[in-house]
Amino acid sequence: MVEVKLQNIVKTFGETVALKGIDLDIKHGELFTLLGPSGCGKSTTLRIIAGLEYPDSGKIYFGDEEVTYLPSHQKGAVLVFQNYALWPHMTVFDNVAYGLKLKGMPKEEVRKKVEWALELIKLKGFENRYPTQLSGGQQQRVAIARALVVEPKVLLLDEPLSNLDAKLRLEMRSEIRRIQRELGITVIYVTHDQEEAMAISDRIAVMNVGTVEQVGTPKEIYETPRTEFVASFMGKTNVVPAKVVERNGDRVTVEFESFRMEGLHYTDNSDDVVLVIRPERIRLNQVENGVSLTGTVDLVEYYGFFVEVIGLFGETRLIARTISDRGLEGLKPTKPVTFYIEKDDIIVLPKQQL
Amino acid sequence: MAVNKWVERFFGTPMPDAVVISSFLFPLIYLIAFLIIPVLVMLLTAFLYHGHISLFWFKSIFGSPYYFNPLHPEGSLVTTIQQGNQTVYYLSGWDFGVVINSILVSLTVMLLTTILGVTFAFVMARYDFPGKNIMRILLFVPLLVTPFVNVVVVKKMFLPNGLINWIFYQHLHLFPHPIWIDGLVGVIIAQSITYYPIVYLNAYASFINIDPSLEEQAENLGSRGFHLFRTVTFPLALPGIAAGATLVGIFSLEDLAAPIVFQGTAIAKKLMSFQIYSSFVSGFAIGNPQMAALSLIMLTIALIMFLTIRWYVGMKQYAMLSKGGRWKPRVAKPKGWQAAIIYLVVVPLLLITIFPQIGVVLLAFSRRWYGTWPEGFTLANMKALMTQPDIVRVIENSLIYSTVAIAIILLLSLTASYAAGRFKKAKLAPVLDSLATIPIAVPGIVIAMSYFFFFSTVPPFKGTILDPTNLLAFFPGAALILAYSIRRLPFAARSISAGIQQVHVSLEEAAVNLGAGRWKALTSILIPMILLNLLGGAMLSFVYCMSETSVGITLGSINSTWYPITAKMRELIMGAVGSASLAAALGVFLMLVQILAIVIANVITKQRYSFIGLT
């Protein structure tokens, strides 16, 4: 178990700046997720922590020890590759035992440790199989066992679920969570799937084009995004350009179309802002302490247990999400509709600079 | 320790790593020492006249009608001659001077091999007909390399009393008079029959790799028959076909077997390869700077062909856009007229092109061959392979040279492919990559010539066993091993780097990440995973080393004790009556080695390796 600290990590590949100064503080025994779209630098960050790449500048600490330029095989940060990277010419046993044998561990001890690891991932009895004789989920487990068995300081998981089918993905997700809790190990997890990140993580760092946009618990990230990017990356959301007309402490009054409303204030001094409103926080019945917008129904989309109502307010479209229920039959395109929003559900953020 | 930007720029790894750096430096230094510098020494020789930089030797070539005579060719393509009481059409070709002859022969051979190769490939790739499997096996025969003796058989086939006239004049009465193919036309025919399998293999692979949906879409839109072939199929296959044809062009340029066999007719000697070769064997012209200049002209032509095709194929590298879908090869039953063409034209043509190999076997088991068919069955020649001391000796020599060369080739191609394939960002990676493939474009006779100038003049080697002018100490084996290792490197390197590309880099990274050093990751992960490619590359290069001709009959034939097989074969076919049969027996031995290698490659590695003919 170890604390991982990244200080101002910069990495360029030729002309491209992949990481523009990453700072991260990952706690003991935490499951920490790097989340972002492809090309945001999350995998590069992971590979730098693993020692498979070296940063141009910046420092990495495991606990108090600086490990920035330690070669990968001395680092103790073991990576589980996205494609598992199981060696097809070795059996499950030999794959898992590889790292232990390199340490010069006696045979008997190697056998015990491998047995322990295979038990942990519930693949006892598969020792003599070859990777090609395993299913995708089993291969994934072997890859995890191979990493865990060497007792890494940090376990790094690079998009571990991306090659699995939907059902297996849920299963492996809780499996990873279980193993992490059982061993109390520090895990750094990379994914582009926000739902997966929220379900599994203690904390999340949302990354975009080589920078960390926000770090926080899944709840913080989802409910109080600090940038337009984070807001729109974390699930479906309404992002509406607006103008600030009045400031009042942490509250601010804004205007869009012909509507004027008050929201939670996270802007800098700019008057060009966006309003971020989660679709499930827009209601179709009266709320206290909120605003109401009246417009027309543009479209109703039925998703089973919930329904999305897209309302047209002037030129602006807003999506409201509500549980499927009786009483929604009246909502037909071109019919009038009123959306109700509580003040605290309107988040005012600086407009994203492109 | 911190990141070393200098190391990263050149070697692609930020940490100075002994395994990586030596993987770059070993092949790089070897190729510079035994390919680049020798060629540069020859280049310097060609540009020096009485100690000054001069174009004198080039002027002496282009100013002489013997070498360069574009406007007033001598001779004629066809003449009728009286032989006894019958008229014979005699084809020997025009003489435009050595340089232009070589280029024209090379271009004609490219054209003929393309026609033959594409025809066979298209029939095999697209039609299903009774006897196709037999044809598939027969198409394998012309791939077997039998230096010199196959040309001897081709020459016999096209004599007035040869097989061709026996069929087409005597029996089918298709020719009004017998034909006799000799001189440069003979060289062209012999080379076309020898080299067309290279185009065939490339064209076949190209036709097979075309996504069927591309042709189906064209048909769906109304294109059929030849229009479909001309607008979709052929353009898609063209890069592969052109690459094969270019390789053939280079091989034709450097070929010595055909001109040596046909040298009884003066015009067949008027080719660049033969001129350089004869300066070697005649002795008096050895070390003549004019020959260095001629070698340089030949090298330049070959390099231009090579670089053009690399550029063209690179440009036309259509990434196949197809995603998913059914991939059912487009194989059809031929219609009536198509079947007629297959059985009446294509199959007989194939039988003619495999006859040289059959003829070599017949020759090896016969006492003499004057007329249409060989006569007098004997096992003496085959027995001589095991009993006649000078024959046993050359077999041993070739086996030893080739084995040592293979060890070097494997080491070179493994390090070069690993360095260039795994550290692509390194500045040295593309340099190494080019250096490892360029020997394909360097004619063997040019290497022989360069080595002659290099080892006989440059200090560290001058006077050693590598110096061919140091007659008492010169050991041809050493020069041959060096030449083999350079010349045959590209074939093993290609097989091995294909293997490395198939192993995802994460497999090594996982090992390094789990505590292995680079050396350990290389030996425990990468090498075991590409073992089959190593074996395949070794087989391929071994076969080519055994049958290497150009260097073997020049540097390799200075001292008969150290002859490789091909040097002995050349001596035998030029020797006394009947000795050609002994050369044929050596040819049969080489064929057996090749069949064995192919069987090993196919059975043990379960992969299909295409052997391409090389001399």
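This briefing walks through the domains, helix packing and chain contact of the structure above. The model is predicted, so please read every value here as computed from it. Chain B divides into two domains, and three helix pairs within chain B are described below, along with the contact between chain A and chain B and one helix of chain A.

**Domains of chain B**

- Domain 1 of chain B covers 5-51 + 383-604, while domain 2 covers 61-319 + 330-378.
- Taken over C-alpha atoms, the centres of domain 1 and domain 2 of chain B are 27 Å apart.
- Where these domains touch, domain 1 of chain B contributes 34 residues and domain 2 of chain B contributes 37 residues.
- On the domain 1 side, at least two residues each come from helix H2 (18-47), helix H18 (444-457), helix H24 (565-574) and helix H25 (579-604) of chain B.
- H25(B) gives the largest share of that side, with 10 residues.
- By class, the domain 1 side that touches domain 2 of chain B has 22 nonpolar, 11 polar and one charged residues.

**Helices H10 and H13 of chain B**

- Helix H10 (residues 225-254) of chain B packs with helix H13 (residues 289-315) of chain B at an angle of about 175 degrees, and their axes are 10 Å apart.
- Angles over 145 degrees count as roughly antiparallel, so H10(B) and H13(B) are roughly antiparallel to each other.
- From H10(B), the residues in this contact include Pro239(B), Ala242(B), Ala243(B) and Thr246(B).
- They meet residues of H13(B), among them Met298(B), Ile301(B), Phe306(B) and Tyr312(B).
- The contact of H10(B) with H13(B) has 13 nonpolar, two polar and no charged residues.

**Helix H20 of chain B and its partners**

- Helix H20 (residues 489-502) of chain B and helix H23 (residues 531-546) of chain B have axes that come within 8 Å and cross at roughly 170 degrees.
- H20(B) and H23(B) are therefore roughly antiparallel to each other.
- Phe491(B), Ala492(B), Ser495(B), Ile496(B), Ala498(B) and Gly499(B) are the H20(B) residues that meet H23(B), whose own contact residues include Asn533(B), Leu534(B) and Tyr544(B).
- In the contact of H20(B) with H23(B), eight residues are nonpolar, six are polar and none is charged.
- H20(B) also packs with helix H16 (residues 389-422) of chain B: their axes come within 8 Å and cross at roughly 45 degrees.
- That angle makes H16(B) oblique to H20(B).
- The crossing of H16(B) past H20(B) is right-handed.
- Among the H16(B) residues in this contact are Ile409(B), Leu410(B), Tyr418(B) and Gly421(B), and H20(B) supplies residues including Leu489(B), Ala493(B), Ile500(B) and Gln501(B).
- Ala492(B) and Ile496(B) of H20(B) appear in the contact with H23(B) and also in the contact with H16(B).
- By class, the contact of H16(B) with H20(B) has 11 nonpolar, five polar and no charged residues.

**Where chain A meets chain B**

- The contact takes 19 residues from chain A and 20 residues from chain B.
- Helix H2 (72-75), strand S6 (77-80) and helix H3 (92-102) of chain A each supply at least two residues of the chain A side.
- H3(A) provides the largest share of that side, three residues.
- The chain A side that touches chain B divides into 13 nonpolar, five polar and one charged residues.

**A helix of chain A**

- Helix H6 (residues 166-183) of chain A has 18 residues and reaches 26 Å from its first C-alpha to its last, close to the 26 Å expected at 1.5 Å a residue.
- Gly184(A) follows H6(A) and has a positive phi, near 60 degrees.

Technical notes
Residues numbered from 1 in each chain as written. Chains lettered and ligands numbered in written order. Predicted model: local features only at pLDDT ≥ 70, side-chain atom pairs only at ≥ 80, totals over all residues. Axes fitted to C-alpha atoms, helices over the stretch in contact; angles between N-to-C directions. Helix = DSSP H or I, 4+ residues; strand = E, 2+ residues; numbered from the N terminus. Parallel < 35°, antiparallel > 145°, perpendicular 65-115°, else oblique. Contact = placed C-beta atoms within 7 Å. Nonpolar A, V, L, I, M, F, W, Y, C, P; charged D, E, K, R; others polar. Domains from an automatic or database assignment. Expected span 1.5 Å × (residues − 1). Left-handed = near helix turned anticlockwise from the far one by under 90°.
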